[in-house]
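I am opening my notebook on a protein that is new to me. Come and look over my shoulder.

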Amino acid sequence: MIKTSFGKVCAVALAVSLLGSDSAVYAAKFEPVPAPHSVKETSGSERSEKRQEKQVLTLGQLIKKYPDTFKIHGPHVKQIALTFDDVPDPRFTPQILRILSENGVKATFFVVGSRAKKHPDLVARIVREGHAIGNHSYNHPQFHKLTMAEYTDQIIRTEKILYGITGYKPKLIRPPYGDITENQLRWAKREGYKIVNWNVDSLDWKGISKEAVKRNIMTTAGAGSIILQHAGGGSSSDLSGTIGALPEIIRELKKKGYTFVTLPKLLKVQKDK
């Protein structure tokens, strides 16, 4: 299990800071699969690279420095993007898809490559039903702990799996835990990707109640918001809060005049690289 010093992203602040303890709990729950066997043993130069890759700039500073590449919200318009991480998961993803379909809403799902490999039918269903997908790494590591070779392997390996299922390579990447270094961000920019985190955090991965999930979202959602929820998790995950709250969240935000769009539409970018 992965342990991390990175914590939750404050949904109110646009300058994101991940220096708490909440993600340590979430990381333990996620139970990632082992790293790809194709990754070579770490050489002396790579170990040096790992030390250099430790976060120097905060995420807030990276967002300001790379505004065209690193996004946490859309333009100030009456549109909102619902996003769901850690898919596909046969326990939760179909329930989320059903609710979205019943309410005529399109969303964006960030896919873990190892899970897509196990459940390609669910990934195909997400795309078939008109939702967008993004790359959420192969096995959900903390990017700042990886060498550049390991990091790019996480992205490219997942991309190949998704291309084989959907016929396109997603332009959007969401780093696990929202965690990325400047060198990794620069690589993503050169390769034509967009890094997308969020500015509204449901905190649903904690297994909180329907009322708490709804409160976390409704008190901070606004024009151009990118809302973080989950449609997958570890063996002990309880996402009943999100499943219960989602229909009410959709109805109430619609009453306030908001429409729900995919991230490519909100950010005015292509879905594929």
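Below are my entries, from the whole chain down to one residue and then to the core.

**Ground rules.** I am reading a predicted model, where local features need pLDDT of at least 70 and side-chain atom pairs count only at pLDDT 80 or more, while totals for chains, interfaces and linings use all residues. Numbering runs from 1 along each chain as its sequence is written, and side-chain values use heavy atoms, with hydrogens and water left out.

**Overview.** I looked up the elements and found 11 helices and 9 strands; these are DSSP runs, with at least four residues (H or I) for a helix and at least two (E) for a strand, numbered from the N terminus. Of the 273 residues, 56% are buried, meaning under 20% relative accessible area with a 1.4 Å probe, protein chains only.

**Gln229.** Is Gln229 buried or exposed? Gln229 counts as buried because its relative accessibility is 0%. I found Gln229 in strand β8, residues 226-230. Its side chain makes a polar contact of 3.2 Å with that of Thr242 (N or O atoms within 3.5 Å, one able to donate a hydrogen and the other to accept it).

**The core.** The largest nonpolar core (buried Ala, Val, Leu, Ile, Met, Phe, Trp, Tyr and Cys joined through side-chain atoms within 4.5 Å) has 37 residues, and Leu82, Phe84, Leu100, Phe109 and Leu253 touch the most other members. Helix α10 (240-255) is one of the elements supplying at least two residues, and α10 gives the most, with 6. Beyond its neighbours within four places in sequence, Leu82 has contacts that include Leu100, Gln229 and Leu246, where contact means heavy atoms within 4.5 Å.

Note on methods
Buried means under 20% relative accessible area, exposed over 50%, partly exposed in between (1.4 Å probe, protein chains only).
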